[in-house]
Amino acid sequence: MINDARENSGFTWQTEDEDPYWLGDASTKKLSSVLLADWEGFVAEAIGKTLVIDVVDPVFFMPSAYRAAAALPGGWNGTASVDNVENAWAPRADGLPAGLMLRRGDRVGLVQSGYKTCHIVTKPINAATATNQVIEISPPLLPNLFGVGAQMVFLDPVVRMHIVPGSWSAPRVPNQDTIASFQLKEAAAQS
């Protein structure tokens with residue numbers, strides 16, 4: 001649920017009434033005064049316009065069984081097609097390579113018609129053949145957004161986020177670069 005409100009000054013703002021599934025803290029690299037000014041301009045725009053930022057978790061960018069090698073098995077591109085959504089907690093995917101190993105906690109993205117969501121694999125699998133496989137996930141897929149034909153993404157799965165207003169900080173220390181910090185929360189799934 002998104003609520004719109006307007007202040008006496010005419011400024012309009014929005015709030016979301018539900019708790020986001022994904023919520024996290026982030027920080028920048030060291031920013032020179034020039035980069036800091038640019039970053040603060042970006043934050044002001046992102047918060048003011050409720051910009052959606054596509055975020056890939058730097059730890060969970062690919063299934064854990066393949067991170068050390070930094071490559072997926074058999075040259076697979078990391079994308080499968082959803083061919084059954086009868087169980088929102090366990091959609092079935094087609095196009096996985098034989099032998100693919102997914103561990104509990106790996107991330108998977110869903111993409112369809114400009115919508116993107118990120119999910120956690122809740123049950124490990126080892127795809128014995130290149131046939132259809134059920135992938136158990138949490139949170140469940142949103143049946144009003146995703147159906148048969150959605151892409152299931154295992155390489156760089158995206159979670160869409162907003163910068164939380166009032167959460168950012170960029171402490172200044174004379175003659176030192178600044179590291180800014182901020183909080184991100186899951187955005188609506190839309191593009």
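**Strand pairing and nonpolar cores in the predicted model**

Strand β3 is joined by five bridges to strand β15 (residues 181–186), and the two run antiparallel; strands are DSSP runs of E with at least two residues, numbered from the N terminus, and two of them pair if DSSP finds at least two bridges between them. Serine 27 lies opposite serine 181 of β15. Of the five residues of β3 (residues 23–27), zero are buried, where buried denotes under 20% relative accessible area (1.4 Å probe, protein chains only). The model is predicted, with local features requiring pLDDT of at least 70 and side-chain atom pairs counted only at pLDDT 80 or more, whereas totals for chains, interfaces and linings use all residues. Residues are numbered from 1 along each chain as its sequence is written, and side-chain values use heavy atoms, with hydrogens and water left out.

An open sheet comprises seven strands in the order β11-β6-β5-β13-β8-β9-β12, paired antiparallel. Its edges are formed by β11 (133–134) and β12 (137–138), each pairing on one side only. Within the sheet, the antiparallel strands β8 (residues 107–112) and β9 (residues 115–121) are connected by six bridges, and arginine 107 faces isoleucine 120 of β9.

The largest nonpolar core (buried Ala, Val, Leu, Ile, Met, Phe, Trp, Tyr and Cys residues joined through side-chain atoms within 4.5 Å) contains 24 residues, and those with the most contacts inside it are Leu96, Leu100, Leu102, Leu110, Ile135, Met152 and Phe154. Strands β5 (79–84) and β8 each contribute at least two residues to this core. A second, separate core of 14 residues includes Trp22, Leu36, Trp39 and Phe182.

Key
Helix = DSSP H or I, 4+ residues; strand = E, 2+ residues; numbered from the N terminus. Buried < 20%, exposed > 50% of the residue type's maximum accessible area, 1.4 Å probe, protein only.
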